[in-house]
Amino acid sequence: MNFKIIGTGSARPACVKTNDDLAEFLDTSDEWIRTRTGIEERHVLTDGESLSQLATQAAQAALENSGTKPEELDFVICSTIRGDYITPSLSCIVARNLGVRCMAFDINAACSGFIYALDCATGYFERGRAQKGLIVSAEAMSKMVNWQDRATCVLFGDAAGAVVLEKGENLLASKLTSDGNVEVLNIPHVYGNSPFSSDEHNPSYLFMDGHGVYKFAVNAMATGLAETIAAAGLKQDEVDHVLPHQANMRIIQAAMKKLDIPEDRYRTNIAHYGNTSSACIPVLLDELNQAGMLKEGQILALTAFGGGLTTGAMVIRW
Ligand code: ACO
């Protein structure tokens, strides 16, 4: 016994910033960003908008799509690098906004967070602890990047994606990894004003060695997909839809070359969102679902990598 996805939802801030908008205050260009990454625009949170609101909107959309009432939920799990507070967790706030008091907790596996959350949720169904549950992946990347660093800020955006799960048999295989690498990608924590520490701390911006992540990402995506598809007892060309983490179009294309999955099975929306970390895959999933592209029984392969460095790959039947 594991899970079946019975509904999807997503939400994005109304404010859209194009590459040209960023070029107004950064030494960059639409041509550079588009050709190096595939990104054309991204959504960003602005005055008065919170990640909790965005996450709640995505959750409500998924509940409606699945025909589920909030009180039917046995858990709310959010994946996020940064909720609105360190505590309470984003999931507790979403649960309160939905008017429910079931268990609620966050997972931080950076961009792999949605796949980690799905894998984690499986345990509650297996143990008979849940009939239905909600997963929301929501990220406010615009609050973590340094908007004076053109090498990183142009890559990211804000969004939330959600799914409602019920008991089922639709998870076919999954694989999660981590390697504890702080050097290629990190976001420093907030530090209080302890009188017992004179350690100096850098400002809390996302740091990334782009080349280091790129090299890791291509292999991680290709290996993750190949291994989980094999573990599911399937051939690569039996996959109907590949939903890769949307970090860079060139990473997706390089991973594609290492696999035997036909190119027309890869789904992307990076052009309109940039990298929204763990929200990438559920937002894409919702778009495919709303467009009627997912047919019952089709095979979906999800693959992600991110800070940690973590990886997640999963094969599910729709
Ligand atoms: N506009 C114009 N020029 C730029 C910009 C920009 N926005 N950013 C960097 N450049 C310049 C650099 O300064 C460099 O100039 P130089 O040659 O004079 O030194 C030049 O462009 C080339 O820079 P590279 O870093 O070599 O560019 P590259 O082609 O490698 O692309 C990129 C950089 C897009 C960051 C790529 O390495 C990448 O996608 N890496 C993976 C990123 C990723 O997947 N991150 C996921 C994070 S996941 C998470 O958990 C948050």
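**Exercise 1. A turn after a helix**

Which residue just after α4 takes a positive phi? Find it, and then describe the helix before it.

*Solution.* A word before we start: the model you are looking at is predicted.

- Step 1. Go to the end of α4, which covers residues 90-98. Just after this helix, Gly99 has a positive phi of about 80°.
- Step 2. Look at what α4 lies across: β4 (75-79), β5 and β6 (132-140). Its direction is at about 135° to that of β4.
- Step 3. Pick out the buried residues of α4, which are Leu90, Ser91, Ile93, Val94, Ala95 and Leu98. These buried residues pack against α3 (51-66), β4, β5 and β6.

**Exercise 2. The five-stranded sheet**

In what order do the strands of the five-stranded open sheet stand? Work out the order, then look at the edges.

*Solution.*

- Step 1. Trace the sheet from one side to the other: the order is β1-β7-β6-β4-β5, with mixed pairing.
- Step 2. Turn to the edges, where you meet β1 (2-11) and β5 (103-107), each pairing on one side only.
- Step 3. Compare directions: ignoring which way they run, neighbouring strands here are turned by 20° against each other on average.
- Step 4. Zoom in on β1, which pairs with β7 (residues 158-168) in the antiparallel sense over nine bridges. As a landmark, Thr8 stands opposite Val163 in β7.
- Step 5. Add helix α10 (residues 280-290), which packs on this sheet and touches β1, β6 and β7. The direction of α10 makes about 90° with that of β1.

**Exercise 3. The four-stranded sheet**

Which strands stand at the edges of the sheet β8-β13-β12-β11, and why is one side of each without a neighbour?

*Solution.*

- Step 1. Set out the sheet: four strands form it, it is open, and the pairing is mixed.
- Step 2. Name the edges, β8 (171-178) and β11 (241-244). Each has a single partner strand, so one side of each is left without a neighbour in the sheet.
- Step 3. Check the turn between neighbouring strands, which is 10° on average with direction ignored.
- Step 4. Follow β8 to β13 (residues 310-317): the two run antiparallel and are joined by seven bridges. Leu171 has Ile316 in β13 as its bridge partner.
- Step 5. Meet α10 again, now lying across β11 and β12 and running at about 145° to β11.

**Exercise 4. Is Gln298 buried or exposed?**

Locate Gln298, classify it, and list its contacts.

*Solution.*

- Step 1. Find Gln298 in the loop between α10 and β12 (299-306).
- Step 2. Take its relative accessible area, 18%. Buried means under 20%, so Gln298 is buried.
- Step 3. Set aside neighbours within four places in sequence, and Gln298 is in contact with Asp240, His241, Met293, Ile316, Arg317 and Trp318.

**Exercise 5. Unusual backbone spots**

Where are the cis peptide bonds at Pro88 and Leu309, and which residues other than glycine have a positive phi?

*Solution.*

- Step 1. Recall the background: most residues other than glycine have a negative phi, and most peptide bonds are trans.
- Step 2. Join Thr87 to Pro88 and you find a cis bond with omega about 5°. Pro88 sits in the loop between β4 and α4.
- Step 3. Move to Gly308 and Leu309, whose peptide bond is cis with omega near -20°. Leu309 belongs to the loop between β12 and β13.
- Step 4. Look at Ala110, with a positive phi of about 50°. Ala110 is in the loop between β5 and α5 (113-126), and it is buried at 9% relative accessibility.
- Step 5. Finish with Ser277, whose phi is also positive at about 50°. Ser277 lies in the loop between α9 and α10 and is buried, with a relative accessible area of 1%.

**Exercise 6. Around the ligand**

How many residues surround the ligand? Then look at its polar neighbours.

*Solution.*

- Step 1. Count the surroundings: 26 residues, the closest being Thr28, Arg36, Arg150, Asn248 and Gly307.
- Step 2. Start with Arg36, where a side-chain N or O atom is 2.7 Å from an oxygen atom of the ligand.
- Step 3. Go on to His211, with a side-chain N or O atom 2.9 Å from a ligand oxygen. For Arg250, a polar side-chain atom lies 2.9 Å from an oxygen atom of the ligand.
- Step 4. Consider the cover: alone, the ligand exposes 1,000 Å², and the protein buries 75% of that.

Notes
Residues numbered from 1 in each chain as written. Predicted model: local features only at pLDDT ≥ 70, side-chain atom pairs only at ≥ 80, totals over all residues. Heavy atoms only, no water. Pairing = 2+ DSSP bridges. Axes fitted to C-alpha atoms, helices over the stretch in contact; angles between N-to-C directions. Contact = heavy atoms within 4.5 Å. Buried < 20%, exposed > 50% of the residue type's maximum accessible area, 1.4 Å probe, protein only. Near = heavy atom within 4 Å. Polar contact = N/O pair within 3.5 Å; in protein donor to acceptor, adjacent residues only side chain to side chain. Areas by Shrake-Rupley, 256 points an atom, 1.4 Å probe, with all protein chains shown as cover.
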